[in-house]
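Student: Can we go through the pockets in this one? I'd like to know what the labels rest on.
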Amino acid sequence: MSTPVSEPRRQQREPRRRSKRTVVAAILSLVLVAVLAVALIAWLGFFRPESSLAAGTNVTVTISSGSSTSEIARVLASSGVVANSNMFLWRVRQMNAGSDLKSGTYQLAAKMPYELVIDRLKAGPEKVVLDTITVTIPEGFRLKDVAARVESKLGIPAADFLALASKGAEKFSAKHPAVKGAYGGSLEGFLFPKTYEFERSATATAVIETMLAQFDKEVAQVDMTAANKAGYSLSQIVTMASIIEKETKLDEERPLVSSVIYNRLALKWKLQMCSTVQILLPAEKFRLSDQDLKIVSPYNTYLNNGLPPGPIANPGLASLKAAANPAKSDYLYYVLTGKDGSQTFASNDKDFQAAKKKSLEVFGQ
């Protein structure tokens with residue numbers, strides 16, 4: 001009689017166990033769904049599009065030198081080139097390209113495929129071919145010569161260029177302190193002679209700005225220690241350099257000519273440099289006349305003591321270096337005696353007169 005009673009009890013417990021398992025399974029399912037939903041939301045948020053720029057829109061992007069991969073990702077995403085910075089980082093890691101991305105300016109498009117952007121940055125920026133014209137400004141050119149050359153090459157009217165270059169120093173002095181206080185506002189001496197590539201559409205201001213920037217770069221190479229010790233300013237050194245540029249053709253003689261200038265200034269002698277008179281003439285002469293030497297001008301060093309008030313031409317680097325660092329000599333004179341442009345240097349009047357005689361024998365009257 002015990003068997004029929006106990007059997008129904010076992011049958012009653014079984015449904016309860018199943019019900020409990022079902023509840024647990026349902027709860028676990030809900031938890032899993034919730035976790036997956038949260039993960040999906042986080043995933044979508046992490047990789048959400050960061051720009052509303054229409055796909056294919058042209059975008060110019062500059063990647064600065066030294067930028068980290070994260071910084072590059074932010075630049076690309078904020079400009080709209082890639083849809084999401086995190087996805088870009090993830091693809092870079094997948095492609096192991098982090099160290100291969102190059103700085104520079106790129107012409108890209110909005111919402112490009114990540115792999116294509118990475119390949120473009122690995123290749124580096126494309127070289128932009130500008131419509132330029134080569135313009136060569138030789139050492140010793142004066143402002144009027146520079147203006148004529150710029151007009152012939154770039155079509156900028158010489159009169160317009162000369163008006164700005166001969167009076168507009170103050171306009172450029174904020175960026176180029178060397179020209180601050182230039183005599184008469186003239187940029188003579190500071191337009192560095194060099195071969196330039198100018199855009200065909202360049203203005204007079206742009207050309208002058210480029211040449212002044214080159215002067216700043218070149219003069220930074222000049223050791224001014226000796227010049228400063230002797231009490232000469234940069235503008236005075238440029239003036240000396242312009243005289244040296246016009247007085248000699250041979251680089252090896254530039255420091256010697258410089259020493260003559262220093263020695264005569266130290267003795268408070270007139271410099272008596274022909275080049276300072278030549279600039280006062282309509283055209284240069286091989287030999288100056290007595291009448292030429294009497295032209296009244298602050299630039300005439302036959303009449304006035306000391307240096308001219310400003311440069312007489314635009315000197316090159318060799319002349320700037322010579323002006324700042326003269327050779328050590330007792331020379332007070334020099335005379336052109338060689339057809340190759342070489343000169344004879346003298347420390348006394350007797351040797352000077354002998355050199356003048358030799359010059360007459362070589363070149364005639």
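Tutor: Sure. A pocket here is an open set of grid points with protein on both sides within 12 Å along at least five of seven lines, and a volume is the space filled by probe spheres set on those points. Keep in mind that the model is predicted.

Student: What volume does the largest pocket have?
Tutor: About 1200 Å³. The second largest pocket has about 420 Å³.

Student: What makes a residue part of the lining of the largest pocket, and how many are there?
Tutor: A lining residue has an atom within 4 Å of a point. The largest pocket has 35 such residues, and Glu 247, Cys 274, Phe 286, Arg 287 and Leu 336 lie nearest its centre.

Student: Which element gives the largest share of that lining?
Tutor: H14, with five residues. Helix H14 spans 349–363, and among the others supplying at least two residues each are helix H10 (234–247) and strand S5 (333–336).

Student: Why is Cys 274 counted as nonpolar, but Glu 247 and Arg 287 as charged?
Tutor: Because Cys is on the nonpolar list, while Glu and Arg are on the charged one. By class, that lining has 16 nonpolar, eight polar and eleven charged residues.

Student: What lines the second largest pocket?
Tutor: 26 residues, with Tyr 183, Ser 186, Glu 188, Tyr 299 and Pro 311 nearest its centre. H10 gives the most, three residues, and helices H5 (143–154) and H6 (158–167) each supply at least two.

Student: How does that lining divide by class?
Tutor: Into 15 nonpolar, seven polar and four charged. Tyr and Pro count as nonpolar, so Tyr 183, Tyr 299 and Pro 311 fall in that class.

Key:
Residues numbered from 1 in each chain as written. Predicted model: local features only at pLDDT ≥ 70, side-chain atom pairs only at ≥ 80, totals over all residues. Heavy atoms only, no water. 1 Å grid on protein atoms, 1.4 Å probe; cavity = no way out; pocket = protein on both sides within 12 Å on 5 of 7 lines; lining within 4 Å. Helix = DSSP H or I, 4+ residues; strand = E, 2+ residues; numbered from the N terminus.
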